[in-house]
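Biologist: I am new to this structure. Please take a close look at the aromatic rings and what surrounds them.

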Amino acid sequence: MIHKLIFLCFAMACPLYAHAQDSLSVSYIKGTHYNETLNSFKGVPFKVDYNFKTKDRKFTIVETINTTVFVLTAENSKLLQRALAKYQRWSRQANEEGVRLTKELGKVSAETTFWKTGGGKFFLGGPEELTLLFASRANNDHRFAIHFPNFRSRYNRYAEHKPRTLYLELSEVTKLAGILSEEGLQGLLDQAQKQSEIESRFK
């Protein structure tokens, strides 16, 4: 566990090294945050990285001010995949019945959390439980939501961070489910290997 934390801290400080040696930047998903004042959603990048050594998935949410990171083990990534599949099933059913629904899909434990504000340093947080929700905005607008608790620093009792709920539309859920699957991941690994072979010929 300590070695994994050291790697994660180093990867956050030196992302190019981490990408080259141990991890693959899998994809960017278009997430959204809800603005209650404007009664509208604003897009936020939601990045997924895969670590070859640990098989963990690292998820990064980049806002104007805050950057929020959480890490799921391979086992907990499967729990996320099951929740995504359930959301897709419920979305079809809700559309067929013309109904709205806000209901918990499940929970998933993030083994490690990080955050920073602006150009400041990253704080390392502990394990946190994330709540996964099916959240309807209208009869034909159903979103997958990740609700976060307060993140608390492992080493600074005064440092904490409350990430905003992240919403994903159906198209982005389908994309995320695809890249988290074994087939989707293998395809991305094959692409990365092919690109590496191409680059190796240019010396």
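Modeller: The answer below goes through the ring pairs, then a charge over a ring. This is a predicted model, in which local features need pLDDT of at least 70 and side-chain atom pairs count only at pLDDT 80 or more, while totals for chains, interfaces and linings use all residues. Residues are numbered from 1 along each chain as its sequence is written, and side-chain values use heavy atoms, with hydrogens and water left out.

A pair of aromatic rings is described by the distance of the centres and the angle of the planes. Here, rings of Phe, Tyr and Trp (its six-membered ring) pair if their centres lie within 6.5 Å; planes under 30 degrees apart count as stacked, over 60 as edge-to-face and the rest as tilted. Searching the whole structure gives 14 aromatic pairs. The ring centres of tyrosine 50 and phenylalanine 52 are 5.9 Å apart and the planes stand at 90°, so this pair is edge-to-face. Tyrosine 50 counts as buried because its relative accessibility is 7%, whereas phenylalanine 52, at 33%, counts as partly exposed. Buried means under 20% relative accessible area, exposed over 50%, and partly exposed in between (1.4 Å probe, protein chains only).

Ring pairs also link a cluster made of Phe46, Phe59, Phe70, Trp115, Phe123, Phe148 and Phe151.

Phenylalanine 41 has a charge over its ring: arginine 143 lies over the face, 3.9 Å from the ring centre. For this term, NZ of Lys or CZ of Arg must be within 6 Å of the ring centre and within 35 degrees of the ring normal.
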